[in-house]
Amino acid sequence: MASWLAPLIAILSTAICLFLWFRDVRRIMMEQKSTVESAKAQLVTFREKAQKSRDDSNAAAVLARSESIYRQAVEHYNRTLRRPWIYPPAALMGFRTIREGGEQS
């Protein structure tokens, strides 16, 4: 009877560890993706405002800051994705690197 108990405990503990690992990676990557999406929405808004007021130097400065924020968010997302303990489960869950234009590769 005890011959099946050890493998059962090993299987259950492995499954729990994998579940917790994948859950934590999903939480981290969703936070990063949310930051990128927010920065992208902000960038789109400020691009529209800058096009409406082409002569406003203040709008151009805000647009430049928004572009910088978006680039930094994408770099941080991609850096997080490349971490060795994050990449395997993230790739299996469908997270991909984001290029500067916003598309995933």
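**Helix packing and salt bridges in a predicted model**

Biologist: What relative accessibility does Arg47 have, and how is Arg47 classed?
Modeller: This is a predicted model, and the values here are computed from it. Arg47 is neither buried nor exposed, because buried means under 20% and exposed over 50%. Arg47 falls in between and counts as partly exposed, at a relative accessibility of 42%.

Biologist: Which residue does the side chain of Arg47 meet in a salt bridge?
Modeller: The pair links distant parts of the chain, with Arg47 in helix H1 and its partner in helix H2, 20 residues apart. The N to O distance is 4.0 Å. The partner is partly exposed, with a relative accessible area of 26%. That residue is Glu67.

Biologist: At what angle do H1 and H2 pack?
Modeller: H1 covers residues 5-52, and H2 covers residues 57-81. Their axes are 9 Å apart. The crossing of the two helices is left-handed. The packing angle of H1 and H2 is about 160°.

Biologist: Are H1 and H2 roughly parallel or roughly antiparallel?
Modeller: The two helices pack at about 160°. Angles over 145 degrees count as roughly antiparallel, so that is the class that applies here. Relative to H2, H1 is therefore roughly antiparallel.

Biologist: How many salt bridges are there?
Modeller: Side chains of opposite charge can pair when their charged atoms come close. The cut-off is a Lys or Arg side-chain nitrogen within 4 Å of a carboxyl oxygen of Asp or Glu. Arg47 with Glu67, Arg27 with Asp24 and Glu31 with Arg27 are salt-bridged pairs. The count of salt bridges is three.

Biologist: What is the distance between the closest N and O atoms of Arg27 and Asp24?
Modeller: Both residues are in helix H1, and being three residues apart they are separated by about one helical turn. Arg27 is partly exposed at 43% relative accessibility, and Asp24 is partly exposed at 28%. Their closest N and O atoms are separated by 2.7 Å.

Biologist: Which residues are linked with Arg27 in a network of salt bridges?
Modeller: Arg27 has a salt bridge with Asp24. Glu31, partly exposed with a relative accessible area of 43%, also forms a salt bridge with Arg27, at 3.2 Å between the closest N and O atoms. Glu31 and Arg27 lie four residues apart in H1, about one turn of the helix. The residues linked with Arg27 in the network are Asp24 and Glu31.

Biologist: What accessible area does the nonpolar surface patch with Leu8 have?
Modeller: Leu8 is placed in helix H1 and is partly exposed at 36% relative accessibility. That value allows Leu8 into a patch, because patch residues need over 30% relative accessible area and no salt bridge. The other members are Trp4, Leu5, Ile9 and Leu12. Together the patch has an accessible area of about 470 Å².

Biologist: How far apart are the C-alpha atoms of Lys40 and Ile69?
Modeller: Lys40 is in helix H1 and is partly exposed, with a relative accessible area of 36%. Along the chain, Lys40 and Ile69 are 29 residues apart. In space, their C-alpha atoms are separated by 8.9 Å.

Biologist: How far apart in space are Thr14 and Ala64?
Modeller: Thr14 is also found in helix H1 and counts as partly exposed at 44% relative accessibility. In sequence, Thr14 and Ala64 are 50 residues apart. Their distance in space, C-alpha to C-alpha, is 48 Å.

Definitions and conventions
Residues numbered from 1 in each chain as written. Predicted model: local features only at pLDDT ≥ 70, side-chain atom pairs only at ≥ 80, totals over all residues. Heavy atoms only, no water. Patch = residues over 30% accessible without salt bridge, like charges linked within 9 Å, V, L, I, M, F, W, Y side chains within 5 Å. Areas by Shrake-Rupley, 256 points an atom, 1.4 Å probe, with all protein chains shown as cover. Buried < 20%, exposed > 50% of the residue type's maximum accessible area, 1.4 Å probe, protein only. Axes fitted to C-alpha atoms, helices over the stretch in contact; angles between N-to-C directions. Parallel < 35°, antiparallel > 145°, perpendicular 65-115°, else oblique. Left-handed = near helix turned anticlockwise from the far one by under 90°.
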